[in-house]
Amino acid sequence: MMVSKTREQQKVFIQENTTPNENGCWEWNKHIKRDGYGEVKWKGKGYRTHRLSFILWCGDIPEGYVVRHKCDNPRCCNPEHLEVGTPKDNMKDMVSRGRSMRGERNPTSKLTEKDVRVIRDIYDNHIKGQRDTRPNKPYSIKMLSEMFNVSEQVIDRCCGTTGTYTTPR
């Protein structure tokens, strides 16, 4: 029968299986998942190493919260680099640090940033605020959607009429 490590033994195990880097991160050098996060078992349960490190040094993670990396290094287990936050906080971190798959970084994206700027220029100068009811008016959301081979909803998002698109105006 295998005996589980105590809390202190598990802390030592984490410290012995990490390598400090120049930023003060304790980088996990054992099992790393495809997404870059370390993984370890303790008391028969699998944990992401940063989550277990937070639990061991800082205490329980409140329900509905996640453990965020202040250092933006998924292999880091240094409890001084970790903090709890909401999933929304975590998503804001991802976007502010440029790791989101939005815009051209998304492999399924049909529009480039240049396309979005052209769409916005046409919209701002020829469609926005126009009350042109002619059936063959020169520009329309429908015409732009056909020109760029996307839905009218995508054109609306690019122009800021519904939701937002990531390319700054």
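Leaving aside its neighbours within four places in sequence, which residues is Lys43 in contact with? The tour comes to Lys43 at its third stop. The model on screen is a predicted one.

**The whole chain**

Start with the protein chain in a cartoon view. It holds six helices and six strands. Followed from the N terminus, the order of these elements is α-β-β-β-β-α-β-β-α-α-α-α. The chain has 169 residues, and 33% of them count as buried. Take the contacts between residues at least 6 apart in sequence: 44% of these join residues at least 24 apart. Now switch to a surface view. About 11300 Å² of the protein chain is exposed, and 48% of that comes from carbon and sulfur atoms.

**Helix 1**

Select residues 7-16, which form helix 1, and show the side chains of Gln10, Lys11 and Ile14, the buried residues of this helix. Look down the axis: these residues cover an arc of only 105 degrees, so they sit on the same side of helix 1. What do the buried residues of helix 1 pack against? Add strand 1 (18-20), strand 2 (26-28), strand 3 (39-42) and helix 2 to the selection; the buried residues pack against these four elements.

Next, step back to Thr6, in the segment before helix 1. Thr6 is partly exposed, as its relative accessible area is 43%. Draw a line from the C-alpha atom of Thr6 to that of Trp42: these residues are 36 apart along the chain, and the line spans 9.2 Å.

**Lys43**

From Trp42, go on to Lys43, in the loop between strand 3 and strand 4 (45-48). Is Lys43 buried or exposed? Its relative accessible area is 56%, and the cut-off for exposed is over 50%, so Lys43 counts as exposed. Lys43 is not a glycine, yet its phi is positive, at about 55 degrees. A second C-alpha line can be drawn here, from Lys43 to Thr6: the separation is 8.9 Å, with their positions 37 residues apart along the chain. The opening question can now be settled: beyond its neighbours within four places in sequence, Lys43 is in contact with Ser4 and Lys5.

**The loop between strand 5 and strand 6**

Move to the loop between strand 5 and strand 6 (82-85), and select Asp72. Asp72 also has a positive phi without being a glycine, in this case about 60 degrees. With a relative accessibility of 30%, Asp72 counts as partly exposed.

Pro74 has its place in the loop between strand 5 and strand 6. This residue counts as partly exposed, at 25% relative accessibility. Which residues does Pro74 touch, not counting those up to four places away in sequence? Show Gly36, Tyr37, Gly38 and His69 to see them. Glu27 is worth adding to the view as well: C-alpha to C-alpha, Pro74 and Glu27 are 8.4 Å apart in space, while 47 residues apart in sequence.

**The largest pocket**

Keep Tyr37 and His69 selected, and add Val67, Asn90 and Arg99. Of the 17 residues that line the largest pocket, these five lie nearest its centre. Three elements each give two or more residues to the lining: helix 2 (49-58), strand 5 (66-69) and helix 3 (87-96). Colour the lining by residue class, and it divides into six nonpolar, four polar and seven charged residues. How much space lies in the largest pocket? The figure is about 300 Å³.

**Helix 6**

For the last stop, select residues 152-159, which make up helix 6. Which residues of helix 6 are buried? They are Ile155, Asp156, Cys158 and Cys159. These residues cover an arc of only 160 degrees around the axis, and therefore lie on the same side of helix 6. Bring in helix 4 (113-127) and helix 5 (141-147), which are among the parts that cover the buried residues of helix 6. Finish at Gly160, just after helix 6, where phi is positive at about 80 degrees.

Definitions and conventions
Residues numbered from 1 in each chain as written. Predicted model: local features only at pLDDT ≥ 70, side-chain atom pairs only at ≥ 80, totals over all residues. Heavy atoms only, no water. Buried < 20%, exposed > 50% of the residue type's maximum accessible area, 1.4 Å probe, protein only. Contact = heavy atoms within 4.5 Å. Areas by Shrake-Rupley, 256 points an atom, 1.4 Å probe, with all protein chains shown as cover. 1 Å grid on protein atoms, 1.4 Å probe; cavity = no way out; pocket = protein on both sides within 12 Å on 5 of 7 lines; lining within 4 Å. Points joined across faces, edges and corners; volume = space filled by probe spheres on them. Nonpolar A, V, L, I, M, F, W, Y, C, P; charged D, E, K, R; others polar. Arc of directions from axis to C-beta.
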